[in-house]
Amino acid sequence: MIEVFSLAIIRERLGTGTPRRQFLYERLHAVVSRLYETGKVRHIYLFGSFPTEAPMPNDVDLFVVMADDFRTTGLPDELLAVFTHDTCRIRYNADVFWVTESIGAEHIADALTVFSRDRQFRTQPIVEVIP
């Protein structure tokens, strides 16, 4: 099941418990803000250790669905950084996996199924992030 939370709710429920969570919430907020600056976001899903109860999550993991017509060509560097894996990882401590909605609902659902399991194949939460 995918829960839908605003950034404010994510901060309240997941982003204040430990200094590590506070740090990662700030990174999440920055990345989500940059993504929305494109005007092409359709869905942002948060998964991995951050939406769990782990006191020391490793990083922020996002699966992002962009509009069919989204292109990274011509984006300013500060926006391009969130779509460039290594740069995003270093700058924001985040892994952003992104697709355009043109891949189809079935493939998006397949990706969400994969992201709903941790490395030991246990179920983990997914949160759709809304502004």
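This is a dialogue on how to read the pocket, the salt bridges, the buried residues and the backbone angles of a predicted model.

Reader: Let me start with empty space: what volume does the largest pocket have, and which residues are closest to its centre?

Author: The general idea is that rolling a probe the size of a water molecule over the atoms shows where empty space is left. In this model the largest pocket has a volume of about 390 Å³. Its lining is made up of 16 residues, and those closest to the centre are Gly48, Ser49, Asp61, Arg119 and Gln124. Strand E4, residues 94-100, and helix H5, residues 105-115, are the elements that give two or more residues to this lining.

Reader: How many residues of each class are found in the lining of the largest pocket?

Author: Sorted by class, the lining holds six charged and six polar residues, together with four nonpolar ones.

Reader: Turning to charged side chains, how many salt bridges does the structure hold, and which residues are linked in a network of them?

Author: A salt bridge is read from the distance between a side-chain nitrogen of Lys or Arg and a carboxyl oxygen of Asp or Glu, with a cut-off of 4 Å. The structure holds six such bridges, and a network of them links Asp59, Arg89 and Asp95. In one part of that network, arginine 89 pairs with aspartate 59, with 3.0 Å between the closest N and O atoms. Because arginine 89 belongs to helix H4, residues 85-92, while aspartate 59 sits in the loop between E2 and strand E3, residues 60-66, the pair ties together parts that are 30 residues apart in sequence. In another part, arginine 89 meets aspartate 95 in a salt bridge with an N to O distance of 3.5 Å.

Reader: Are the partners in this network buried or exposed, beginning with aspartate 59?

Author: Here the cut-offs matter, since buried means under 20% relative accessible area, exposed means over 50%, and partly exposed covers what lies in between. Aspartate 59 has a relative accessibility of 6% and therefore counts as buried, and aspartate 95, at 10%, is buried as well. Arginine 89, by contrast, has a value of 34% and so counts as partly exposed.

Reader: What else surrounds aspartate 95, and in which element is it found?

Author: Aspartate 95 is found in strand E4. Its side chain makes a polar contact of 3.2 Å with the side chain of histidine 85, and another, of 3.5 Å, with the side chain of arginine 89. When neighbours within four places in sequence are left aside, the residues in contact with aspartate 95 are Asp59, Val60, Asp61, Leu62, His85 and Arg89.

Reader: Which residue forms a salt bridge with aspartate 118, and how far apart are the closest N and O atoms?

Author: The partner of aspartate 118 is arginine 122, and their closest N and O atoms are 2.8 Å apart. Aspartate 118 counts as buried because its relative accessibility is 18%.

Reader: How should I read contacts between residues that are separated in sequence, taking tyrosine 45 as the case?

Author: The approach is to set aside neighbours within four places in sequence and then list what remains in contact, which for tyrosine 45 gives Ile2, Asp61, Leu62, Phe63, Val65, Leu112, Ile126, Val127 and Glu128. Tyrosine 45 lies in strand E2, residues 41-47, and counts as buried because its relative accessibility is 7%. Its C-alpha is 9.1 Å from that of isoleucine 130, although 85 residues separate the two in sequence.

Reader: Finally, what is the phi of asparagine 93, and what is that of phenylalanine 121?

Author: Most residues other than glycine have a negative phi, and most peptide bonds are trans. Asparagine 93 has a positive phi, near 55°, and phenylalanine 121, which is not a glycine either, has a positive phi of about 65°.

Reader: Where are these two found, and is each of them buried or exposed?

Author: Asparagine 93 is found in the loop between H4 and E4, and its relative accessibility of 17% is why it counts as buried. Leaving aside neighbours within four places in sequence, asparagine 93 is in contact with Arg20, Phe23, Leu24, Asn58, Asp59, Val60 and Cys88. Phenylalanine 121 is found in the loop between H5 and strand E5, residues 126-130, and is exposed, with a relative accessible area of 66%.

Methods: Residues are numbered from 1 along each chain as its sequence is written. This is a predicted model: local features need pLDDT of at least 70, side-chain atom pairs count only at pLDDT 80 or more; totals for chains, interfaces and linings use all residues. Side-chain values use heavy atoms; hydrogens and water are left out. On a 1 Å grid over the protein atoms alone, a cavity is a set of points where a 1.4 Å probe fits but cannot get out, and a pocket is an open set with protein on both sides within 12 Å along at least five of seven lines; lining residues have an atom within 4 Å of a point. Grid points are joined across faces, edges and corners, and a volume is the space filled by probe spheres set on the points. Helices (H or I, at least four residues) and strands (E, at least two) are DSSP runs, numbered from the N terminus. Ala, Val, Leu, Ile, Met, Phe, Trp, Tyr, Cys and Pro count as nonpolar, Asp, Glu, Lys and Arg as charged, and the others, Gly among them, as polar. Buried means under 20% relative accessible area, exposed over 50%, partly exposed in between (1.4 Å probe, protein chains only). A polar contact is a pair of N or O atoms within 3.5 Å; within protein, one must be able to donate a hydrogen and the other to accept it, and residues adjacent in sequence count only if both atoms are side-chain atoms. Contact means heavy atoms within 4.5 Å.
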